[in-house]
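Please open the model in your viewer, with the sequence panel beside it, and follow the stops below in order.

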Amino acid sequence: MTELPVETHPFPPILPPQATVMMMGTFPPTPEKRCMEFHYPNFQNDMWRIYGLVFFNDKNYFQVKDEKCFDAERIKAFLRERGIASCPTVWKAIREQGNASDKFLQIVEPVPLAKILAQIPQCQWIFTTGGKATEVLFSLVPEKLKEPKTNEWIDFPFAGRELKLYRVPSTSRAYPLSLEKKAEAYRRFFQLAGIL
């Protein structure tokens, strides 16, 4: 049996120095499933449609016109301008089934969260985009905390900081919720965090 390769997350985090919130997911799909070289690169994933709806009332706002891909540079500029950081919870992993499914993702090395947070001193909120990302974050915390349910949050003390951890619905098409309902959940979070 051949050993499965350990992969390193291919995209660096976006850490605007004034960021007050940080979005954290897990691992991107394999290269052939990516429409751009940035976080949430699968055209089937609804993340950037949700951002388009929440901030511009247009689900296609971040889509390249007449193409099945998103505009990575436009997304990065938007995140920097609005002070929204984006960073994976997983640095290195093994894809047990060769796909992007969190269920079959073996975590080899989680994010060095303290180092990341040191670069965004104003960050008060972390929001996770699924169960696995939440689970990985919880593995980094010495004290036992109860994971928040979807659309809820908890106080999240970490590395001498008082943070809040909010869990939003997954943007994967596999998650059984309409695009509009997902967008509404994200809108509520961004309002609560003072971004909207």
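In which sense do strand β1 and strand β4 pair, and over how many bridges? Select residues 7–8 for β1 and residues 90–95 for β4, and you will find them paired in the antiparallel sense over two bridges. Before going further, note that this is a predicted model, in which local features need pLDDT of at least 70 and side-chain atom pairs count only at pLDDT 80 or more, while totals for chains, interfaces and linings use all residues. Residues are numbered from 1 along each chain as its sequence is written, and side-chain values use heavy atoms, with hydrogens and water left out.

**The sheet**

Two strands are said to pair if DSSP finds at least two bridges between them, and the strands themselves are DSSP runs (E, at least two residues), just as helices are runs of H or I with at least four residues, numbered from the N terminus. Within the pairing of β1 with β4, select Thr-8, whose bridge partner in β4 is Lys-92. Next add residues 105–110, which make up strand β5, and see that β4 and β5 pair in the antiparallel sense over five bridges. Two of the places to look at here are Ala-93, with Ile-107 as its bridge partner in β5, and Arg-95, with Leu-105 as its bridge partner in β5. Taken together, these strands form an open sheet of three strands in the order β1-β4-β5, with antiparallel pairing. Its edge strands are β1 and β5, each of which pairs on one side only.

**A salt bridge between β1 and β4**

Now show the side chains of Glu-7 and Arg-95, which meet in a salt bridge at 2.8 Å, N to O. The pair links distant parts of the chain, since Glu-7 belongs to strand β1 and Arg-95 to strand β4, 88 residues apart. The term salt bridge is used here for a side-chain nitrogen of Lys or Arg within 4 Å of a carboxyl oxygen of Asp or Glu, and by this rule the count comes to eight. Is Arg-95 buried or exposed? Arg-95 counts as buried because its relative accessibility is 4%, whereas Glu-7, at a relative accessible area of 24%, is partly exposed. The classes are buried for under 20% relative accessible area, exposed for over 50% and partly exposed in between, computed with a 1.4 Å probe on protein chains only.

Another salt bridge to select is that of Arg-34 and Glu-37, whose side chains meet at 3.9 Å, N to O. Here Arg-34 counts as buried at 16% relative accessibility, while Glu-37 counts as exposed at 54%.

**Around Asp-46**

Move on to Asp-46, which lies in the loop between β2 (21–24) and α1 (47–56) and is buried, with a relative accessible area of 5%. Which residues does Asp-46 contact, leaving aside its neighbours within four places in sequence? They are Thr-171, Arg-173, Leu-179 and Lys-182, where contact means heavy atoms within 4.5 Å. Asp-46 also forms a salt bridge with Arg-49, the closest N and O atoms being 3.1 Å apart, and if Arg-173 is added to the selection, Asp-46, Arg-49 and Arg-173 are seen to be linked in a network of salt bridges.

Stay with Arg-49, which counts as buried at 7% relative accessibility, and bring up Phe-43: Arg-49 lies over the face of that ring, at 4.6 Å from the ring centre. A charge sits over a ring if NZ of Lys or CZ of Arg is within 6 Å of the ring centre and within 35 degrees of the ring normal. A further case to select is Arg-74, which lies over the face of Tyr-61 at 4.0 Å from the ring centre.

**Aromatic pairs**

For the last stop, turn to the rings, among which a search of the whole structure finds 26 aromatic pairs. Rings of Phe, Tyr and Trp (its six-membered ring) pair if their centres lie within 6.5 Å, and planes under 30 degrees apart count as stacked, over 60 as edge-to-face and the rest as tilted. Select Phe-55 and Phe-78, whose ring centres are 4.9 Å apart with planes at 65 degrees, so the pair is edge-to-face. This pair links distant parts of the chain, Phe-55 in helix α1 and Phe-78 in helix α2 (residues 72–82), 23 residues apart. Finish at Phe-156 and Phe-158, an aromatic pair that is stacked, with 6.2 Å centre to centre and 10 degrees between the planes; Phe-156 is buried, and so is Phe-158.
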